[in-house]
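Welcome! Have a look at the model below, and then we will walk through it together, starting with one residue and working outwards.

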Amino acid sequence: MHKRVMDTGPTETSPATSVEDLMLGVEQLVRHVRRSATAGCLSTAASSALGRLGREGPQRLTELARAENATQPNMTQLVTRMERAGLVRRVADRTDGRGVLVEVTELGEEVFRERRAERAEALGQLLGTLSEPERQAVRVALPALARAIQECS
């Protein structure tokens with residue numbers, strides 16, 4: 001049986017959740033949700049890059065590498081593998097004839113949607129194991145954290 005986090009508030013014998021405890025929870029949640037996405041058999045790096053391209057649209061290789069915290073040579077290799085798999089393609093930059101953009105293909109969009117649906121299903125199953133007060137706390141906390149991240153970026 002798992003511990004019900006929202007059942008009791010902090011007391012002298014049970015202090016409030018520490019930042020380290022929250023960090024551990026976030027790390028476990030991210031690992032669980034990432035493992036649940038199996039469509040396309042992608043590596044974590046490929047999944048992240050495909051997700052970024054799917055959400056943000058075509059990008060130059062240098063922009064993608066910077067956003068994904070990767071070196072340009074590593075991103076070039078990753079994009080080449082994804083291109084061979086039919087997930088992305090390189091296209092001329094219409095605003096700069098010398099530039100090349102990486103964009104998601106139809107297959108890449110399909111894999112992106114499938115992976116997102118798998119992750120949503122995994123999160124939904126986790127939420128189903130929580131009490132209603134815990135579910136409500138997650139529904140409030142996660143969007144608040146997402147807004148804070150957007151404001152810091």
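Leaving aside residues up to four places away in sequence, Ser-47 touches Leu-42, Arg-115 and Arg-119. Keep in mind as you explore that this is a predicted model. Let's see where Ser-47 sits and what surrounds it.

**Ser-47 and its surroundings**

- You will find Ser-47 in helix H2, which covers residues 44-56.
- Is Ser-47 buried or exposed? Its relative accessibility is 16%, and because buried means under 20%, Ser-47 counts as buried.
- One of the residues that Ser-47 touches is Arg-115, and the side chains of Ser-47 and Arg-115 are joined by a polar contact of 3.2 Å.

**Helix H2**

- How far apart are the end C-alpha atoms of H2? They are 18 Å apart, and this agrees with the expected span, because 13 residues at 1.5 Å a residue should also give 18 Å. If you try the sum yourself, remember that the expected span is 1.5 Å times one less than the number of residues.
- Ser-47 has buried company in H2: Ala-46, Ala-49, Leu-50, Gly-51, Arg-52 and Leu-53 are buried as well.
- Which elements do the buried residues of H2 pack against? Their partners include three strands by name, E1 (59-60), E2 (88-93) and E3 (96-104). Helices H3 (61-67), H4 (72-84) and H5 (106-128) are partners too.
- After H2 comes Gly-57, and its phi is positive, near 90°.

**A patch on the surface**

- Met-23, Val-26 and Val-30 make a nonpolar surface patch of about 230 Å².
- Met-23 belongs to helix H1, residues 19-36.
- Met-23 has a relative accessible area of 42%, so this residue is partly exposed. The reasoning is that partly exposed lies between the buried limit of 20% and the exposed limit of 50%.

**The whole chain**

- How many helices and strands does the protein chain have? There are 6 helices and 3 strands, and from the N terminus on they run α-α-β-α-α-β-β-α-α.
- The protein chain has 153 residues, and 25% of them count as buried.
- Of the contacts with a separation of 6 or more, 53% are between residues 24 or more positions apart.
- About 10,700 Å² of the protein chain is exposed, with carbon and sulfur atoms supplying 55% of that area.

Terms used:
Residues are numbered from 1 along each chain as its sequence is written. This is a predicted model: local features need pLDDT of at least 70, side-chain atom pairs count only at pLDDT 80 or more; totals for chains, interfaces and linings use all residues. Side-chain values use heavy atoms; hydrogens and water are left out. Helices (H or I, at least four residues) and strands (E, at least two) are DSSP runs, numbered from the N terminus. Buried means under 20% relative accessible area, exposed over 50%, partly exposed in between (1.4 Å probe, protein chains only). A polar contact is a pair of N or O atoms within 3.5 Å; within protein, one must be able to donate a hydrogen and the other to accept it, and residues adjacent in sequence count only if both atoms are side-chain atoms. Contact means heavy atoms within 4.5 Å. Accessible areas come from the Shrake-Rupley method with a 1.4 Å probe; for residues, only the protein chains shown count as cover. Patches are made of residues with over 30% relative accessible area and no salt bridge: like charges are joined within 9 Å, nonpolar side chains (Val, Leu, Ile, Met, Phe, Trp, Tyr) within 5 Å. A salt bridge is a side-chain nitrogen of Lys or Arg within 4 Å of a carboxyl oxygen of Asp or Glu.
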